[in-house]
Amino acid sequence: MTTTLTSHRSRPPAQPSTLKAKRLPAYASPAIAVAALLVAAALVLGTGVGGPVLVVVVGALLYLAGLFAAATRVEGRRSARDRAWSALIHSAFVLAVLPLASVVWTLVSKGVERLDGNFFGTSMNNIGARDPQGGAYHAIVGTLQQVGIATLITVPLGILCAIYIVEYGRGRFAFTIRFFVDVMTGIPSIVSGLFILAFWVLIVSPVFNDGRPGFSGFAAALALAVLMLPTVVRSTEEMLRLVPAPLREGAYALGVAKWKTILRVVLPTALPGIVTGVMLAVARAAGETAPVLLVAGGGAAINFNPFENNQSSLALYVYQQAGDASKYAPARAWTAALTLVALVLILTIAAKLLARRNRLSR
Amino acid sequence: MAKRVDATNVTAYYGGFKAIEDINLTVEPKTVTALIGPSGCGKSTFLRSINRMHEVLPGARVEGSLTIDGQNIYDRDVDVTAVRRTIGMVFQRPNPFPTMSIFDNVVAGLRLNGVKRKSVLAETAEKALRSANLWDEVKDRLAKPGAGLSGGQQQRLCIARTIAVEPQVVLMDEPCSALDPISTLAIEDLMFQLKDKFTIIIVTHNMQQAARVSDRTAFFSIEKTGDPGRLIEYDNTQKIFSNPAQKKTEDYITGRFG
C-alpha cells in the first residue's frame, strides 16, 4: 500500500501559482471551422471524389482535429479534451436533428401541391388514372376511427394493467405479466395484423356476418390495439413508479383507501407522463400500414361505419398512392403523409395541453 | 377527542428482520411524547406501527397489541382507514400532493373520504390552517399549488391536512429535520397549542427539541447493528434529561453514545 501512496499518480498536483489560464480567443472556434471547411472543399472537390455532403463530413472531422490541436497548444490537454468532447456532442445533436428537419422539409415542400379543399373533401371513389382530383377524406375518416377505437380499448386496459403491476401485483404472476408485456413490445405490426386476420376476421366475425369473413375498420382497430397496448402499459408503469412513495403514504395516513389514493393522488401526479406514453402509442398506431391492409382491406370510398365493409387509412393511402401508376398519385401520397404527420402533431399538442390544464398554474 | 395509546409487547418485522421487540408503553391523552434514540433503533418503526403505516411496506408485519382507548387496532375486524383517520401522521419530508392547490391539500382527507359540501370544506380548511398557524400566510393564495410554498410552510400545510380530518392522535416522524430553525420554532409552538386537543407522539433526533416540547420521553436503543430496537427508558421528560434511571440513557443524552 505504501508504494501506491507514494507513487507519482496519487501525489496531489502542485498548487498552481495563479488561477488564470490562457484561453483561445473567441474567434478561434469559428475561424477554425471556416478554415476546415475550405480545406475540405479544396480536398474533396479538387480531387473530385465526392460532393457537398462529403465536404461537410471531412470539414467536421478537420474542425474537431484542428480545434483539439489549437486548444492543446494554447490551453493544455485538459481543456482541449473538454472542447473536443463538447464539439462532438454538439455535432451529434446536429446530426440527429438534420434527418428530422429534412423529413419535415421534404414533406412540406412536396405536400403543399395538393393541399387543397378537394383533397380533404373527396375520396378516391370513381377517380381514374387520368383524373387529377381525388382526395383522402375516406382515409382521414378511417385513421381517426381506427386509432380512436384502438385508443379507447388500450388506454383503460393498459392503465389498469400498469396499476395492477405497480400497486397490486406480487410475486410470479406480476412478473410473468411484465415479461409478456415486454415480449409484446417487440411484435411486428404484420404479425398483429395476421393474428387479427386469423382470429377476428376469419373466425369470430363470420358469426355476425352470415358466414362471410368481415373485413372492417374495427378489425384494424383491434390489430392496432394489440400494437399499442404494450407501449401504454410500459410507459404508464414507469410513470407510476416515479410517483414518490411519501405521496401514497401521505394519503394513506389521512385514512384514504388504497384504490382512492391511486385514483385521486397517484394517477393525477403521473398524468402528464402517461399522456406522453399514450401519444407515442397513438403516433405509432396511426403510422401502421400492414395491419390495416390485412384486416380492413383498404377501399376508395368513404365508409363511416367501422364495423362493416372495407376502410382505408392515411398510412395505407400513402402506400397505395405511392405505388400507383397515375402521374397524379405521388402528389396525393405526399399530401397524405403531411396530413398524417400534422394529425399526430395536433393530437399530441392537444393531449399535452389537456393534461397540463389539470395541473395547477405555478 | 384525544385518546390514550397503549402498546403491549409490540414487535415489528421487515420480512425476516425484527426491527423492534417487546415495546410496552402508555401514552396519556393530551400530552406530547417524544421518542428519541440513535439511528436504526426502531423509533420510526414503532411510530408507524401505531397507525398501521408499517404494514404498507411489502413483507412488513406487527405482533403484539396496540390499543386506542381500549380498542386493539390490530384486531382482525378493524378497518385500517378508520384507524388512520383516528391516528394522523406527519412525515419527515413535507409531502403536499403536487397536483392539488393549497385548499385542496388541506381538505384532501375530507374530500377523498366523501365530504362534498362546499361550506363544510371551506370552514374546515380555514380552521385547520388557522390551527396550523398558516392561515395568514396563505389565505390570499388558496388556489395556488401547495408545492409552491417554502419547506416550513409545506410542513405546516401537511400538519393542517392531518388535523383537518380531526384525528385523536397525531404522529410526527421527525417533522422538523428538513426545516430551518425559524420554521422549526413555528412547528414547536404549534405542537404546544395542538396539545390541548390531540395526543401527540413525535420522533426526533434533536434532544433539545424533545426537552422543549415533550411531557414524556421514551428512549429507544439497540445493542448492536442487526439487533431489534428496544425501549430502554420511559419517563417524564424532565426526569429523563436531568436524572435518568438507566446508564444508557444518560450516555445517550450526554452525547457519549449514539
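**Strand 9 and its neighbours**

Me: Which residues point the other way from B:Arg216, B:Ala218 and B:Phe220 in strand 9 of chain B?
Reply: This is a predicted model, in which local features need pLDDT of at least 70, side-chain atom pairs count only at pLDDT 80 or more, and totals for chains, interfaces and linings use all residues. Residues are numbered from 1 along each chain as its sequence is written, with chains lettered from A and ligands numbered from 1 in the order written. In a regular strand, side chains alternate between the two faces of the sheet. Opposite to the trio you name point B:Thr217, B:Phe219 and B:Ser221.

Me: How many residues of strand 9 of chain B are buried?
Reply: The strand (a DSSP run of E, at least two residues, numbered from the N terminus) spans residues 216-221. Buried means 20 or more other C-beta atoms, placed from the backbone, within 10 Å of a residue's own. The rest of the structure largely encloses this strand, because the buried count is 6 of the 6.

Me: Does strand 10 of chain B run parallel or antiparallel to strand 9 of chain B?
Reply: Pairing requires at least two DSSP bridges between strands. Strand 3 (residues 32-36) of chain B has 4 bridges to strand 9 and runs parallel to it. Strand 10 (residues 230-236) joins strand 9 over 6 bridges, and the sense is antiparallel.

Me: Which residue of strand 10 of chain B stands opposite B:Thr217?
Reply: B:Thr217 is also opposite B:Ala34. Its partner in strand 10 is B:Asp235.

Me: How far apart are the C-alpha centres of the two domains of chain A?
Reply: An automatic or database assignment sets the bounds, giving domain 1 (25-112) and domain 2 (120-358). Their C-alpha centres are separated by 40 Å.

Notes. Buried ≥ 20, exposed ≤ 12 C-beta atoms within 10 Å, placed from the backbone.
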